[in-house]
Structure formats: structure tokens, C-alpha cells
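Hi,

Here is the structure I promised to pass on. Have a look at it first, and my notes follow below.

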Amino acid sequence: LFGKYTIMKINRNLLKNEGYSNPSLLIKKSYGCYLEDVNGKTFIDTTLGSGTHILGHNSPIINDAIKQQLDNGILYTTANNIAYEVAELISLAYPSNQSVVFCNSGSEATMRAARIARAFTRRDKIAIFSGAWHGGNELFMYDHDYKSESLSAIHKSSGIPESFLENVIVLPYNDEKSFQIIEDNKDDIAMVIIEPSQGSNPRDDMFNFLKTLRSVTRRHGIVLCFDEMITGFRIKYGGCQEYYNVDADLTTYGKSVGGGLPIGVVAGRSEIVNIIHGSQKTIPVFMGGTFSANPLVMSVSKALLEHLLTEKKQIYSYLSKMGDYVKTNVNEHCFKNNIDAQVIGIGSMLRIVHTKNFIKSRRERDSLEIGHKIISDFYDSLLKRNIFVNSNKIIFLSMMHTEDIVNEITTSIIESIK
């Protein structure tokens, strides 16, 4: 019942959000590492809110923080003390996190990072990498055309003015050609933004590339931004900056920082972030937002980050161990049986790639993977075994994935792969 109205039948054509047109599952609840659908069937979840739930679904740490804050209000639209505490916890993640800005989503965080970088450098162009995902805003919805050898940028969505392309450069990921392109455009690029490990191509061998990228951008006064939306506080407490010991000027976070509630974060060097206050040459950079740093999200973030920081040795060791277990066992099976597949990844973020060839990028992945039907049948087989992998095909593990459950996931992958 909805007031005086009764919904007699769900009209699925009414809702146009991505993933709702023909969902494979309709979920009614989640707990631990499980999803339960509307029919009461239970699935082992490897999506975890797109990597959000490091502690698993329905964590008491998250739930208790929400319950405690409800009695004190959920939105003030003025300063609250908890936000300062969360900013401090984020600053402890890596030395470059000297100043912090809160917003409400990853897309908003990357947009704000670009705005800060443009104001600081007084340049207009943003360089991104092919195969990346930096959210749904107009600044980053571009890629290469994988059907062409050209490295020119193309739109990934309708509804974005063609003129926006003038200020975007798409670089080849994990390819030294990108450094020369940056050199050729050094006077125009405000920011280079990169996922240190892409969801489309998660890997743990990016040190040399990232180190060189850091050197090139620093030499030319270009702001380097690490988009750690899915790696921040998951791979290490300090994300890929800690993992590789390569520092960024700006870092964007989201997902796991909010424990399931909407959040975005821009953190970075104070001399850059302070440009938001304006200077003799620039007016202030707008950073307002009704829901930014609201006390409900801040309370959850504080509870989560305090736990991750206190228990980081145990948490990140366990998650890495479980990720390595899946990779090692599946890859040994594929190698022994000459199967065109492998698991790649970093820590507890994994992806099954349906080729035995070494790949460097999303572009190579798409060109070398075997047929679509084989891949589709593989994920259908996993679902029949009650293992849920979402449409983006990234596999995440949590602290609620016990060794027995991780072994069940691994066995299901081996039995499904061809």
C-alpha cells in the first residue's frame, strides 16, 4: 500500500536506471558475503557494492554507526565535528593527503579534482587513459575506438557536446607512447588522471609505469591524480599509493570510504587543494554541496576507517591471501589444461580474462579474449552455482569470505571455465 494507492503489478518499463531493464536477479536483502533474491534464493556475492563492502554486507560496525547517529540527526547543512575526524583518518592513509574535500559520489570527486587542477595550473586539458572509468560526468566519458588503430578520443555516451573533446586527451594505458603524448601537450594539460589498477584490467605490475608517469608530470607542472575509487582502502589502507610507494598530487576516493553510503573524496597536496580559496590570479573554486560531509555518512566513515586503520595488518594480509589463492589455483588449472583463460588482479580485486595471452590493457583484453558466447556461458554457469558476479565482471572479496567460501568460489570458477 502507498497511501490510498495500491501497486497491483510492478512495471519494469517505468524504471530506466542502468541494470534495471532486464535484471538477472532481484535482491531483497544482503548479509555477510551473501545476497538473497525475492524468491529466497541465496548467492555468494563477489560484487560487494562494486567493491564497497570490505567488511562484508550488513557489518555491525556500519550498522551501529548509523543507529547511533540517527538520534543526533542526519543532515545539518552546516559544519559538524565528525567531518574533521574523518579528514584526519584519510590524511593518515598517505603523506600526500594533506588536505581533504568531501562530496557525494565518485563522479563528483573526479569532477572536483579536475576543477582544482585547472584552477591551480591555469590550463584546460585533462588527460585520461583508455579503458578507464572515472564516473559518469562529461569530463571523462571518452575512450579510444578499439576497432581503429587511431589514438584519437571518441565519446562513450550521447548527450555530450562535441566541443568537450577539445579539452580531453585519451592516452594508451600501460604504454610508453603515453609519455610522449604528454610531452607533446605539456603546456596545455592541467591534470593526468589514472586508475593505478583499472577495474577493466586489474593488475599489480604497474610500478615502473606509474613511477615514470610521476616523473613526467612533475617535470612539466602537471597535476597527477590517482583515482582510487575501487583500490583506496581496499588494496592497502593507503591504496595503490602505499602499494607502489608512488605519490600523487591529488587522490579521489569513494565507495569503501562511505561503507555503503554515498560519498566522494578529493585529497591531496595542500598547495594545490588550497587553490579552492582563490588567489590573486583566480577566483575561488566552488566546492559546496547540500549533502557533502553530512553527519550520517561521516559517522559511518569514521567507524569504518578507524577499524581498517586499527586492524589493517590482519585485514589486508587476509584479503591479499584470499585473492592470491583464487589466482594461483585457477591459473594452475588453466595452464595444466591448456584453457584460454586466466585470473588477473591486485589484492582482493580480481578479474577473469578469457585468454592465456599476457595483456597490458583493456584494448588488448578486448582484442585477445575468446568469443562472447563462451564468456556468457561461463558467467551463466557461475550463477547456476550460486556465485554472483555483476555485469562489470570485477570480482571483489571481503572479510566475510571465509577460506571455505573462497575455495567454493575457486572450485566453481574451475568447473565453469572452458
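Let me start with E195: this residue is buried (under 20% relative accessible area, 1.4 Å probe, protein chains only), yet it has no salt bridge, meaning no side-chain nitrogen of Lys or Arg within 4 Å of a carboxyl oxygen of Asp or Glu. K156, the nearest side chain of opposite charge, is 7.9 Å away; Lys and Arg count as positive here, Asp and Glu as negative, and His and the chain ends are not counted.

A word on the source: this is a predicted model, where local features need pLDDT of at least 70, side-chain atom pairs count only at pLDDT 80 or more, and totals for chains, interfaces and linings use all residues. Residues are numbered from 1 along each chain as its sequence is written, and side-chain values use heavy atoms, with hydrogens and water left out.

E195 sits in the loop between β9 (189–194) and α6 (207–219); helices (H or I, at least four residues) and strands (E, at least two) are DSSP runs, numbered from the N terminus. A polar atom of the E195 side chain lies 3.1 Å from the backbone nitrogen of W133. Beyond neighbours within four places in sequence, E195 has contacts (heavy atoms within 4.5 Å) that include H134, Y173 and D227.

The other find is α12 (residues 372–384). Its buried residues are I375, F378, Y379, S381 and L382. They cover an arc of only 155 degrees around the axis, so they lie on the same side of α12; the arc is taken from the directions from the helix axis to the C-beta atoms. They pack against β14 (349–353), β15 (387–388) and α13 (403–416).

Enjoy exploring!

Key. Buried < 20%, exposed > 50% of the residue type's maximum accessible area, 1.4 Å probe, protein only. Polar contact = N/O pair within 3.5 Å; in protein donor to acceptor, adjacent residues only side chain to side chain. Expected span 1.5 Å × (residues − 1).
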